[in-house]
Amino acid sequence: LIEKMYEEKQEPKLGGDAGVHTAFFTDIQSFSAFSEKLSAEEVVELLNEYLTDMTDILLANQGTLDKYIGDAIVAFYGAPVPVENHEYMACLTAIEMQDGLDELRKKGRMNYTMMGDVVNTAARFEASAKQYGVYIQVLESTYEACKDDFHWRELDYVTVKGKSVPAYSYELIARKGKLSPTYEKLLPVYNKGLKLYRSQKWVEAKKTFIEADALEDMFPFRPTNPSKVYIERCEYFMENPPGEDWDGSWTLTSK
């Protein structure tokens, strides 16, 4: 940012610039739980290594680091320097961070920040990812920009807490051509269940999601998965039908 201001002979100024960018939020799964078992020095050492490695990936993919909040990384793409394919770069960063975590498991000034409704929405969705038991959740605008470059699972059409308009969200699974055998078996069954669910065929949908649940990878500390979420939804709608004018959306009541 300083280099850009110098080149353009700009003075620092308050306010902001409107633009189309991609918001990027991460945090560490179950950080509070396992950090309680470490000393303060060990927590600092762990965070330093984690944040350094993840930030290196972020910056290598043209991301802009906004801030750290404890174990969380807040970043964005497309500003202050334009990035033509910022949606793709954000998704690629998320995938590469997951790859980098595999390795980790083995062994008072003016701030340039982002503001606006889309940032608040992205933050809400980041917090809601744990309710589906997924690592990477992507909103529709980013998905549409690079849907052919990765493998996805449609998660939900949902209104998050504090918002009034529903939005589609997707699980980002893998680079194109790198889909695991688990997901190859799972996705057709899950997608069939989702189609039945949207058609309000609750009994058939529940049965299909039970089949999908048996194919889900319940990795350590995974609290739930999308198939389990929809099993519970089907049971709810059996008792509380949404009506013929239902738009297929669900409202989350907590973050």
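This is a walk through the structure above, stop by stop, with something to select at each one.

**The whole chain**

Keep in mind from the start that this is a predicted model. Show the full chain as a cartoon and you should find nine helices and seven strands. The chain has 255 residues, and 43% of them are buried. Switch to a surface view: about 15200 Å² is exposed, with carbon and sulfur atoms supplying 52% of that.

**Stop 1: helix 3**

Select residues 40-60, which make up helix 3. Put a distance between the C-alpha atoms at its two ends and you get 30 Å, which agrees with the 30 Å that 21 residues should span at 1.5 Å a residue.

Now colour Val43, Leu47, Tyr50, Leu51, Met54, Thr55, Ile57 and Leu58, the buried residues of this helix. Turn the view to look down the axis of helix 3: those buried residues fall within an arc of 150 degrees, so they line one face. Then pick Glu41, Glu45 and Ala60, which sit on the other side of helix 3 and are exposed.

**Stop 2: leucine 51**

Stay on helix 3 and zoom in on leucine 51, which has its place there. Buried or exposed, how does leucine 51 count? Its relative accessible area is 11%, so leucine 51 is buried, the cut-off for that being under 20%.

Which residues does leucine 51 touch, leaving aside neighbours within four places in sequence? Select Tyr68, Gly70, Asp71 and Ile73: leucine 51 is in contact with these. For a distance across the sequence, pick aspartate 27 as well. Aspartate 27 and leucine 51 are 24 residues apart in sequence, and their C-alpha atoms are 10.0 Å apart in space.

**Stop 3: glutamine 62**

Step just past the end of helix 3 to glutamine 62. Glutamine 62 is in the loop that leads from helix 3 to strand 2 (63-69). Check the backbone here: phi is near 70 degrees, a positive value in a residue other than glycine. Most residues other than glycine have a negative phi. With 43% relative accessibility, glutamine 62 counts as partly exposed.

**Stop 4: helix 7**

Jump to residues 181-198, helix 7. The end C-alpha atoms are 26 Å apart, in agreement with the 26 Å expected for 18 residues at 1.5 Å each. Where does helix 7 bend? Centre on leucine 187: the helix bends there by about 30 degrees, and proline 188 follows within four residues.

Next, show side chains for the buried residues of helix 7: Tyr183, Leu186, Leu187, Tyr190, Gly193, Leu194, Leu196 and Tyr197. To see what covers them, bring up these elements:

- strand 5 (150-159) and strand 6 (167-175), both part of the cover
- helix 8 (202-213) and helix 9 (226-239), also included in the cover
- strand 7 (250-251), another element that covers these residues

**Stop 5: glutamine 200**

Just after helix 7 comes glutamine 200, in the loop between helix 7 and helix 8. Here again phi is positive in a residue other than glycine, this time near 65 degrees. Glutamine 200 has a relative accessible area of 26%, so it is partly exposed.

**Stop 6: salt bridges**

The structure holds 11 salt bridges. Begin with aspartate 99 and arginine 175, whose closest N and O atoms are 3.4 Å apart. Aspartate 99 is partly exposed at 38% relative accessibility, and arginine 175 is partly exposed too, at 28%.

Then move to glutamate 216 and arginine 153, a salt bridge with its closest N and O atoms 2.8 Å apart. Glutamate 216 lies in the loop between helix 8 and helix 9 while arginine 153 is in strand 5, so this pair ties together parts that are 63 residues apart in sequence. Both partners are buried.

Keep glutamate 216 selected and add arginine 222: these two also form a salt bridge, with the closest N and O atoms 3.7 Å apart. Relative accessibility is 8% for glutamate 216, which counts as buried, and 9% for arginine 222, also buried. For your last selection, take Arg153, Glu171, Glu216 and Arg222 together; salt bridges with shared partners join them into one network.

Definitions and conventions: Residues numbered from 1 in each chain as written. Predicted model: local features only at pLDDT ≥ 70, side-chain atom pairs only at ≥ 80, totals over all residues. Heavy atoms only, no water. Buried < 20%, exposed > 50% of the residue type's maximum accessible area, 1.4 Å probe, protein only. Areas by Shrake-Rupley, 256 points an atom, 1.4 Å probe, with all protein chains shown as cover. Expected span 1.5 Å × (residues − 1). Arc of directions from axis to C-beta. Bend = angle between axes of the 7 residues up to and from the residue. Contact = heavy atoms within 4.5 Å. Salt bridge = Lys/Arg side-chain N within 4 Å of Asp/Glu carboxyl O.
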